Amino acid sequence: MAEYSSLLSDLSENITNEDLEQLKSACKEDIPEDQSNNITSSKEWFSYLEKNDKLSQDNLSYIEHIFEISRRPDLLTRVIEYRTTVLKISEDDEIDTKLTRIPSAKKYKDIIRQPSEDEIIKLAPPPKKV
């Protein structure tokens with residue numbers, strides 16, 4: 001739990017008020033506007049996400065997604081480092097999480113896969129101009 005608290009503290013130190021507004025905007029479908037207006041710090045934002053089951057020490061996929069769409073690779077990298085070192089999620093498991101990072105995609109987890117060579121459609125080259 002200490003590592004998780006340390007991660008949130010580290011993330012909070014690297015989120016400005018401007019960043020916070022962008023992050024809140026990225027999750028406006030999950031945070032009602034009246035409650036979003038009451039969130040004035042990144043610590044309050046993390047706390048809200050925890051209370052609403054969007055974030056926990058072993059479930060970081062929601063904030064990974066938010067950092068990804070908010071174009072914050074620095075924050076995303078910190079979360080992924082925590083996931084791979086503290087939670088010991090291997091690279092193979094990480095591929096699975098990339099497929100299910102978007103919450104709505106979880107239901108498609110079993111059918112998302114790479115096509116085999118036989119399934120790939122090969123296109124003919126375009127016709128040459130005369």
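**View 1. Asp 30, at 32% relative accessibility, counts as partly exposed, and here we meet its salt-bridge partner, Lys 54.** Welcome to this predicted model. The closest N and O atoms of Lys 54 and Asp 30 are 3.6 Å apart. Asp 30 sits in the loop between H2 and helix H3 (33-38), while Lys 54 belongs to the loop between H4 and H5, so their pairing ties together parts that are 24 residues apart in sequence. Lys 54 is partly exposed too, with a relative accessibility of 25%. If you enjoy hunting for such pairs, a search of the whole structure finds 6 salt bridges.

**View 2. Glu 21 and Lys 24 form a salt bridge inside one helix.** Both residues lie in helix H2, 3 residues apart, which is about one turn of the helix. Their side chains meet at 3.2 Å, N to O. Take a look at how the two partners are placed: Glu 21 is partly exposed at 47% relative accessibility, whereas Lys 24 is buried, with a relative accessible area of 6%.

**View 3. Asp 19 and Arg 72 join distant parts of the chain.** Asp 19 is found in helix H2 and Arg 72 in the loop between H5 and H6, 53 residues apart. Their side chains meet in a salt bridge of 2.7 Å, N to O. Both partners are buried: Asp 19 has a relative accessibility of 16%, and Arg 72 has a relative accessible area of 14%. Asp 74 joins in as well, since a network of salt bridges links Asp 19, Arg 72 and Asp 74.

**View 4. A second look at Asp 19 shows its other neighbours.** A polar atom of the Asp 19 side chain lies 3.0 Å from the backbone nitrogen of Thr 16. Leaving out residues up to four places away in sequence, Asp 19 touches Asn 14 and Arg 72.

**View 5. Helix H6 turns one side to the interior residues listed here.** H6 runs through residues 73-85, 13 residues in total. From the first C-alpha of H6 to the last, the helix reaches 18 Å, close to the 18 Å expected at 1.5 Å a residue. Its buried residues are Leu 75, Leu 76, Val 79, Ile 80, Tyr 82 and Arg 83. These residues cover an arc of only 155° around the axis, which puts them on the same side of H6.

**View 6. The largest nonpolar core has 25 residues.** Within this core, Leu 11, Trp 45, Phe 46, Ile 63 and Phe 67 touch the most other members. Two or more residues come from each of helix H1 (2-13), helix H2 (17-26), helix H4 (42-51), helix H5 (61-69) and H6. The largest share, 5 residues, is given by H6. As background, nonpolar side chains tend to be buried together in soluble globular proteins.

**View 7. Ile 63 brings us into the middle of the core's contacts, being among the residues that touch the most other members.** Which residues is Ile 63 in contact with, leaving aside its neighbours within four places in sequence? They are Leu 11, Trp 45, Phe 46, Leu 49, Leu 55 and Val 79. Some of these names have come up before: Leu 11, Trp 45 and Phe 46 also belong to the core members with the most contacts, and Val 79 is one of the buried residues of H6.

Conventions. Residues are numbered from 1 along each chain as its sequence is written. This is a predicted model: local features need pLDDT of at least 70, side-chain atom pairs count only at pLDDT 80 or more; totals for chains, interfaces and linings use all residues. Side-chain values use heavy atoms; hydrogens and water are left out. Helices (H or I, at least four residues) and strands (E, at least two) are DSSP runs, numbered from the N terminus. The expected span of a helix is 1.5 Å times one less than its number of residues. Buried means under 20% relative accessible area, exposed over 50%, partly exposed in between (1.4 Å probe, protein chains only). The arc is that of the directions from the helix axis to the C-beta atoms. A nonpolar core is a set of buried Ala, Val, Leu, Ile, Met, Phe, Trp, Tyr and Cys residues joined through side-chain atoms within 4.5 Å. Contact means heavy atoms within 4.5 Å. A salt bridge is a side-chain nitrogen of Lys or Arg within 4 Å of a carboxyl oxygen of Asp or Glu. A polar contact is a pair of N or O atoms within 3.5 Å; within protein, one must be able to donate a hydrogen and the other to accept it, and residues adjacent in sequence count only if both atoms are side-chain atoms.
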